[in-house]
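This report describes the overall build of one protein and then turns to selected local features. The sequence and the structure are shown first.

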Amino acid sequence: MKRRSFLSAASVAPLLGVAGPALASGNADDGTSSSGEFDIVAKFVGPGPSGVAVLPDGRMFVSFPRHADNHAGATLGEVKGGVVVPYPSAELSLPSDRAPADRLMSVHGIAHDSAGRLWVIDDGKLAGHDIPEGAAKIVCIDPVSNRVTHKIMLKSPVMLPNSHMNDLRVALSVGAKGTVFVTDSSFGDEPAMIVADIATGQTKRVLTHHVSTQAVPGFMAIVEGEPRRYVPHHPQMVSGGADGIALLPDESRLYYAPLTSRRLYSIPTRTLADQSLSDEALAAQIRDEGEKGTADGLCFDQHGRLYTTNYEHDCILRRDSDGSFAMAVRDARILSPDGICATRDWIYCTLGQWNRLPSFNEGHNRREPPYLLIRFPVEPLTPLDALPASSQR
């Protein structure tokens with residue numbers, strides 16, 4: 001049938017008694033249905049969650065940044081006994097009159113190292129305010145003593161006025177005492193990677209103009225059924241440069257991606273940690289790993305499989321070592337999947353509904369608490385059968 005004839009037939013269908021809104025059997029989009037199984041670990045009201053880290057002993061930590069909502073709650077908390085306990089103390093995690101360098105201002109990404117210590121990136125920004133000196137920093141907390149053991153201040157020229165220190169990973173096998181890698185997705189349009197030597201505290205801003213850290217001009221995504229474009233300085237969606245970051249289990253290679261991009265990149269950690277190398281030398285060692293969808297958070301499991309959150313399709317994907325992808329979980333409740341981490345048995349992820357912030361919706365706050373923290377198994381459960389194997393033939 002020609003298209004014109006088809007349209008004509010459709011237009012008169014109601015006159016012939018055909019129910020217009022009804023769909024023929026099989027016409028539903030299977031790709032919008034839920035897939036995979038997950039548990040809701042926690043529900044949050046008040047501040048929205050972002051980063052998550054679960055230690056090998058099961059202790060769970062969640063960050064609540066203040067750059068979009070200058071809230072009065074804890075910016076870093078331990079989920080313990082059904083409540084959020086300010087961590088490592090109320091004095092450090094709650095708002096106070098302390099100098100910005102002496103408290104946690106706005107914790108975003110969090111992770112733990114191979115020694116079981118907790119590392120956080122404090123982006124230093126309170127909504128509606130400039131970032132004060134001393135506010136942006138890398139902090140390490142010993143979960144045994146609950147005390148700060150390392151603090152690396154991020155200052156100019158590493159720190160820019162519009163920096164958004166977003167997420168981090170720590171490789172203790174790289175450098176004398178280890179190296180911290182941080183993504184600066186930028187509140188403006190100057191993203192980069194930050195490298196910090198734990199032993200010396202020396203930092204360097206790298207890959208400031210490389211495609212692997214930059215937002216893609218003209219980028220568009222479909223978020224909750226609405227087309228959203230990347231428009232610098234007039235955002236329609238959560239956007240920015242280098243954001244998601246993940247470390248291979250053997251710490252040999254770092255994977256990362258801009259938020260406003262569909263591509264994935266990687267680089268050897270020892271190369272990136274060498275602060276004597278120029279951006280040109282680093283660029284020569286970067287590998288374009290291909291497309292991975294619209295990801296925010298990234299993490300590896302112990303088998304070397306990469307999990308990528310996907311804010312366009314309300315899902316989390318798994319990228320196997322051969323580069324192939326599989327659907328891990330998909331559900332309409334998986335809105336703006338953000339911070340993600342892996343334990344031996346589980347993948348945890350926060351759902352902050354960031355795309356619903358007023359700044360992306362003409363001043364209207366479309367967020368609907370509670371915000372969720374979910375988890376799903378690294379290895380899907382195998383159905384059990386009480387019948388003897390011989391009877392199943």
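## Overall dimensions

The radius of gyration used here is taken over C-alpha atoms, and the globule rule is 2.2 Å times the number of residues to the power 0.38. The model is predicted. For the 393 residues of the protein, the rule gives a compact globule a radius of gyration near 21 Å, and the value of 23 Å for the protein therefore agrees with it. Along the principal axes, the C-alpha atoms fill a box of roughly 80 × 60 × 45 Å.

## Secondary structure, burial and charge

The protein contains 4 helices and 26 strands. Among contacts with a separation of 6 or more, 52% are between residues 24 or more positions apart. Of the 393 residues, 51% count as buried.

The exposed area of the protein is about 18500 Å², of which carbon and sulfur atoms supply 53%. The protein carries 38 positive and 45 negative charges, and the mean positions of the two sets are 1 Å apart.

## Aromatic pairs

The whole structure holds 5 aromatic pairs. One of them joins F44 and F64 in an edge-to-face arrangement, with 5.4 Å centre to centre and 75 degrees between the planes. F44 lies in strand β1 (residues 39-44) and F64 in the loop between β3 (60-63) and β4 (76-80), so the pair ties together parts that are 20 residues apart in sequence. F44 is buried, because its relative accessible area is 5%, and F64 is likewise buried, at 4%.

F61 and Y87 form a tilted aromatic pair, with 4.7 Å centre to centre and 55 degrees between the planes. This pair links distant parts of the chain, since F61 belongs to strand β3 and Y87 to the loop between β5 (83-86) and α2 (90-93), 26 residues apart. F61 counts as buried at 0% relative accessibility, and Y87 is buried with a relative accessible area of 3%.

## Surroundings of V84

V84 is located in strand β5. With neighbours within four places in sequence left aside, V84 is in contact with F44, F64, G77 and E78. V84 and F61 are 23 residues apart in sequence, and their C-alpha atoms are 8.8 Å apart in space. V84 counts as partly exposed, because its relative accessibility is 36% and that class lies between the cut-offs of 20% and 50%.

## An exposed loop residue

S276 occupies the loop between α3 (269-273) and α4 (279-283). With a relative accessible area of 64%, S276 is exposed. S276 and A53 are 223 residues apart in sequence and 32 Å apart in space, C-alpha to C-alpha.

## Backbone geometry

Most residues other than glycine have a negative phi, and most peptide bonds are trans. Where does the backbone have a cis peptide bond? One cis bond runs from S156 to P157, with omega near 10 degrees; P157 is in the loop between β9 (147-153) and β10 (165-171). Another joins P369 and P370, with omega about 10 degrees, and P370 lies in the loop between β25 (346-351) and β26 (371-377).

S186 is not a glycine, yet has a positive phi of about 75 degrees. S186 sits in the loop between β11 (179-184) and β12 (192-197) and counts as buried at 4% relative accessibility. E251, also not a glycine, has a positive phi of about 65 degrees. The position of E251 is in the loop between β16 (242-247) and β17 (253-258), and E251 counts as buried at 10% relative accessibility.

Methods
Residues are numbered from 1 along each chain as its sequence is written. This is a predicted model: local features need pLDDT of at least 70, side-chain atom pairs count only at pLDDT 80 or more; totals for chains, interfaces and linings use all residues. Side-chain values use heavy atoms; hydrogens and water are left out. Helices (H or I, at least four residues) and strands (E, at least two) are DSSP runs, numbered from the N terminus. Buried means under 20% relative accessible area, exposed over 50%, partly exposed in between (1.4 Å probe, protein chains only). Contact means heavy atoms within 4.5 Å. Accessible areas come from the Shrake-Rupley method with a 1.4 Å probe; for residues, only the protein chains shown count as cover. Lys and Arg count as positive and Asp and Glu as negative; His and the chain ends are not counted. The place of a charge is taken as NZ of Lys, CZ of Arg, CG of Asp or CD of Glu. Rings of Phe, Tyr and Trp (its six-membered ring) pair if their centres lie within 6.5 Å; planes under 30 degrees apart count as stacked, over 60 as edge-to-face and the rest as tilted.
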